[in-house]
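Student: I'm new to this structure, and I would like a close look at just one part of it. Could you take me through the surroundings of the ligand and then link them to the rest?

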Amino acid sequence: MEDLGEWYQTIDIDGEPTPGIHGRGDVEKTWDHVKEFLPETLEGIRILDLGCNAGMYCVKSILMGAEEVVGIESQDFCFRQALFVKDYMERKHDRKMNIRYVHGSIEDHVKEMAGFDIVYAFTILYHLPDCVCADIAHNTRIVIARLRKKKDLSKYSRIFSDAGFQVGKCLREEGIKNRHLIQFKKP
Ligand SMILES: C[S@@+](CC[C@H](N)C(=O)[O-])C[C@H]1O[C@@H](n2cnc3c(N)ncnc32)[C@H](O)[C@@H]1O
């Protein structure tokens, strides 16, 4: 695992957590919050995960029944982590997972990526020029964003409202300062 560089997501690999920055249980805790924005099953649903990092939310979505998940990740070591985690999870759950990882930047790929039912934008929007949010908005009906700062709530609510979305449910995550999940949905 050391060859795979620094970890952001904490993922249990054979009982050993990857040394992610928020510690053991972080992904699980966030996923419990994310699930509050999702239907009970993701059967038949296609998901795009922007800045997917080691891909654990892609795996979680497949385990909840998603038909297909595409994760975009620009950093080489994170992309390699995602492939490693997918391979491990496929062996652990003894099944193939319909996850495709795209190694590249969201800016270069988002325009060509259409037809997703839900887009995850977890702690990623602040990495992107605002105009890219409009491209994301163009291609989807539901965006679930995870934001780092309270003031980002009003900033991205404005950007997505301007792009035709209604600002939906918003939830403050327990345990991590200022983390909010928010849903933008086209009427
Ligand atoms: C703060 S991390 C969040 C990771 C993941 N979404 C999560 O919530 O656990 C941001 C991730 O987005 C990736 N990233 C940043 N800018 C990107 C871009 N322009 N295109 C694709 N990936 C990007 C980073 O390499 C990193 O893995």
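Which strand and which helix each supply at least two residues of the shell around the ligand?

Tutor: Happy to help! What you see is a predicted model, where local features need pLDDT of at least 70 and side-chain atom pairs count only at pLDDT 80 or more, while totals for chains, interfaces and linings use all residues. Residues are numbered from 1 along each chain as its sequence is written.

Strand 4 (68-73) and helix 4 (106-109) are the elements you asked for, each giving at least two residues to the shell. Helices and strands here are DSSP runs numbered from the N terminus (H or I over at least four residues for a helix, E over at least two for a strand). Altogether, 19 residues surround the ligand, and Gly51, Asn53, Ser74, Phe122 and His127 are the closest. To be near the ligand, a residue needs its C-beta atom, placed from the backbone, within 6 Å of it. By type, the shell holds eight nonpolar, eight polar and three charged residues. Ala, Val, Leu, Ile, Met, Phe, Trp, Tyr, Cys and Pro count as nonpolar, Asp, Glu, Lys and Arg as charged, and the others, Gly among them, as polar.

Now look at leucine 50. Leaving aside neighbours within four places in sequence, leucine 50 is in contact with Ile72, Ile106, Val119, Tyr120, Ala121 and Ile124. Contact is counted when two C-beta atoms, placed from the backbone, lie within 7 Å. Leu50 is also among the residues with the most contacts inside the largest nonpolar core, which has 47 residues. Such a core is a set of buried Ala, Val, Leu, Ile, Met, Phe, Trp, Tyr and Cys residues joined through C-beta atoms within 7 Å. A residue is buried if 20 or more other C-beta atoms lie within 10 Å of its own, exposed if 12 or fewer, and partly exposed in between. In soluble globular proteins, nonpolar side chains tend to be buried together.

Stepping back, the protein has six helices and nine strands, and buried residues make up 34% of its 187 residues. In helix 1 (residues 26-35), the buried residues are Val27, Thr30 and Val34. Seen down the axis of helix 1, they fall within an arc of 70° (taken from the directions from the axis to the C-beta atoms), so they line one face of the helix. Their cover includes helix 2 (56-63), strand 7 (142-147) and strand 9 (180-185). Lysine 35 also lies in helix 1, and counts as partly exposed with 13 C-beta neighbours inside 10 Å.
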